[in-house]
Amino acid sequence: MNKLAKLVKEAEYEDLLKLRKDINEGNMLRLVEERIAQFENPHRVCPVCNTPIDPETALTLYFGPKGLRHRASFDGEDCLEYFVTKLAKPKQQHR
Ligand SMILES: [Zn+2]
């Protein structure tokens, strides 16, 4: 039997009520989508602070010449700003 189906069959009444609420409110789908995204993009962490990035709130920057476009995603404006500052002044990188 499917692992999840087995879980539901053995769940307590209270847990089933919570589960139904989560499914109805879309929380379960969001959780599944997030987990899938983690498998498909395992390296999606902020390049500045290494925090895993939530695809729903990520700030993504595209830069570089056409055909050699790079993409970087950040978890917050402060990290994006830091990255852009560093990018603008590459000589100060190793300070
Ligand atoms: Zn960050």
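**Helices and the overall plan**

Helices here are DSSP runs of H or I with at least four residues, strands are DSSP runs of E with at least two, and both are numbered from the N terminus. A helix also has an expected span, which is 1.5 Å times one less than its number of residues. Take α3, residues 27-40: its 14 residues reach 20 Å from first C-alpha to last, close to the 20 Å expected at 1.5 Å a residue.

Before going on, note that this is a predicted model, where local features need pLDDT of at least 70, side-chain atom pairs count only at pLDDT 80 or more, and totals for chains, interfaces and linings use all residues. Residues are numbered from 1 along each chain as its sequence is written.

In total, the protein chain has four helices and two strands. Walk along the sequence and you meet them in the pattern α-α-α-β-β-α. The radius of gyration (taken over C-alpha atoms) is 20 Å, well over the 12 Å that the globule rule gives for 95 residues, so the chain is more spread out than a compact globule. That rule is 2.2 Å times the number of residues to the power 0.38. Along the principal axes, the C-alpha atoms fill a box of roughly 60 × 25 × 20 Å.

**Two domains**

An automatic or database domain assignment sets the domain bounds. The chain is split into domain 1 (1-40) and domain 2 (42-95), and their centres, taken over C-alpha atoms, sit 33 Å apart.

**What is buried, what is exposed?**

A residue counts as buried if 20 or more other C-beta atoms lie within 10 Å of its own, exposed if 12 or fewer, and partly exposed in between, with C-beta atoms placed from the backbone. By that test, buried residues make up just 5% of the 95 in the protein chain. Helix α3 is hardly covered, with zero buried residues among its 14. Strand β1 is hardly covered too: the count among its five residues is zero.

K9, in helix α1 (residues 3-10), is exposed, with 9 other C-beta atoms within 10 Å. The C-alpha atoms of K9 and R35 are separated by 23 Å, and these residues are 26 apart along the chain.

**The strand pair**

Two strands pair if DSSP finds at least two bridges between them. Five bridges join β1 to β2 (residues 70-74), and the two run antiparallel. Which residue of β2 is the bridge partner of T60? It's S73. F63, meanwhile, stands opposite H70 in β2.

The hairpin has six residues between its strands, and G64 takes a positive phi near 100° there.

**An unusual backbone angle**

Most residues other than glycine have a negative phi. N50 has a phi near 65°, a positive value in a residue other than glycine. You'll find N50 in the loop between α3 and β1 (59-63). N50 is exposed, with 9 other C-beta atoms within 10 Å.

**How confident is the prediction?**

The predictor's confidence in each residue is its pLDDT, from 0 to 100. The chain averages 84, and 91% of the residues score at least 70. Confidence is lowest in α3, at a mean of 81, and highest in α2 (residues 13-24), at 94.
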